[in-house]
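Work through the exercises below with the sequence and the model at hand. Each task is followed by a solution in steps.

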Amino acid sequence: TVCSTVLIGLLLLFYRSLPAQSLASLEDMVTVNNPQLQALDLRYQAMLKKSEQVSQLPDPVVAAGVPLFRPETRLGGQVFTLGVSQMLPWKGTLQTREEVGLLEARAQYEQIDAERIDLLHSVRTAYHRLQLISEKQRLLSEFSDNYHQLRTITVNRVETGQADLADVLQLDIKLQKVAFEIDQLENKKAPFYARINEILNRPSKTNIQIDSLPDRPAALNLDLDTTIANTLPQHPMLQQLDWQIATSRKKQELNKLLRKPSFGVGLEYSWVSPRTDADPRFNGRDILIPRATATLPIDQRKYQSADQEEALKQMAAKEDKVRIINQIERLLIEYQSRYQNAMITLDFIDSQTETIRQTYELLLAGYSSNGHRFTDLIEIQNELLEFEVRKAEALIDTYIQVSAIQSLTRYP
């Protein structure tokens, strides 16, 4: 049991000696490696290509025909007919179609930013959780040394008949529990490693060397009113809705143009064979006919329905904006409250820890000299460990809450 505790402590020391991978370096890898962001970017590029397609004129139409029963004219019989035509939409229609496509692509691009923000927050959260687990292991290893020191004192007192063997057994149980908790904490790292590696598109068991716990809490300077008024409208989720509204309005403009007539121009050529039974003037002259066509959108009901559809989409997007703003405002208040609670916890623990340490040193000195208050010594040691763990949890919580707030107020 004692050997296993020492072994775990040596392993922790070895891992800490390896160069740590900074959180900033992992964040830089998200944009490059994450397949979800890559897929969204490819969809964005595809939508840009779509806007190029819809801005082109319709394909010209070429027609050819040979009459089964040759029609005869005064100048001869028609042998072969060839025609070509081109439809021309109302002025501005093609440009408006292209603008619709570009606006749809812009809304897709905002989705990339929104997803990137969520992924970065996930990486930060998992990284900070790993920092917390490593710090708990370090604390347990440190307190294991304290238990070993106390066990040595107790064994010496047992050998001189000044202490009970049960005290030694109780410390052995404590050491076994510490070794078990360190081992259990090591196992708890796996899901966080897997989450980071999933986002970075790496094998799930790829090892990550984590920086040690920061010395001070994360700084936060948040003015809710200013943030909501100035920063919040730039959030990608809200920007995406703004672009969707702009797209819908542009579609209404396009719908107005589609109500206009479309025109077509063309040319038809007929090959005429000369007459053999007579020789009229211009005998066998071919036929060349310029043509003009127009589409007349007489039934306006489908365009009216399309206008109403886009108007409803705009109303829905505006309601979504209100919902998201309310949700983000609530989350900001929630995250700020958690941050403040963590800071209160840190202040309280800092004010109590030194007193507890002094109490432990006094009890340890007293136990070393007269063997009294062994139970109190164990209890104060446990309380000190509990305070140190709570301090680490509160410290990491400040970083997690600041990351959550940044995901709502700072955008890549």
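The exercises cover overall shape, nonpolar cores, a surface patch, one helix contact and salt bridges.

This is a predicted model, in which local features need pLDDT of at least 70 and side-chain atom pairs count only at pLDDT 80 or more, while totals for chains, interfaces and linings use all residues. Residues are numbered from 1 along each chain as its sequence is written, and side-chain values use heavy atoms, with hydrogens and water left out.

**Exercise 1.** Determine whether the protein chain is spread out or a compact globule.

Solution. Start with the secondary structure: the chain has 10 helices and five strands, where helices (H or I, at least four residues) and strands (E, at least two) are DSSP runs numbered from the N terminus. Next, take the radius of gyration over C-alpha atoms and compare it with the globule rule, 2.2 Å times the number of residues to the power 0.38. The radius is 39 Å, well over the 22 Å that the rule gives for 412 residues, so the chain is more spread out than a compact globule. Finally, check the box along the principal axes: the C-alpha atoms fill roughly 145 × 45 × 30 Å.

**Exercise 2.** Find which residues of the largest nonpolar core touch the most other members.

Solution. A nonpolar core is a set of buried Ala, Val, Leu, Ile, Met, Phe, Trp, Tyr and Cys residues joined through side-chain atoms within 4.5 Å. Buried means under 20% relative accessible area, exposed over 50%, and partly exposed in between (1.4 Å probe, protein chains only). The largest core has 27 residues, and Leu 150, Tyr 367 and Leu 377 touch the most other members. Two or more residues come from each of α4 (93–159), α5 (165–188), α9 (301–370) and α10 (374–409); α10 gives the largest share, eight residues. For Leu 150, contacts (heavy atoms within 4.5 Å) beyond four places in sequence include Leu 171, Leu 364 and Phe 374. A second, separate core holds 20 residues, among them Val 123 and Ile 208.

**Exercise 3.** Identify the strand that gives the most to the nonpolar surface patch.

Solution. Patch residues have over 30% relative accessible area and no salt bridge; like charges are joined within 9 Å, nonpolar side chains (Val, Leu, Ile, Met, Phe, Trp, Tyr) within 5 Å. The members are Val 62, Leu 82, Val 84, Leu 267, Tyr 269, Trp 271 and Leu 288, together exposing about 640 Å² of accessible area (Shrake-Rupley method, 1.4 Å probe, only the protein chains shown counting as cover for residues). Both β3 (76–88) and β4 (262–273) supply at least two residues, and β4 gives the most, three. Leu 82 lies in β3 and is partly exposed at 37%.

**Exercise 4.** Describe how α8 meets α9 around Leu 241 and Asp 242.

Solution. Leu 241 sits in α8 (236–258) and is buried at 8% relative accessibility. Leu 241 touches Ala 317, Asp 320, Lys 321 and Ile 324. Beside this, Lys 321 and Asp 242 form a salt bridge (2.6 Å, N to O), that is, a side-chain nitrogen of Lys or Arg within 4 Å of a carboxyl oxygen of Asp or Glu. The pair links α9 and α8 across 79 residues.

**Exercise 5.** Which helices does the salt bridge of Glu 388 and Arg 357 tie together?

Solution. The side chains meet at 2.6 Å, N to O. Glu 388 lies in α10 and Arg 357 in α9, 31 residues apart in sequence. Glu 388 is buried at 13%, while Arg 357 is partly exposed at 30%.
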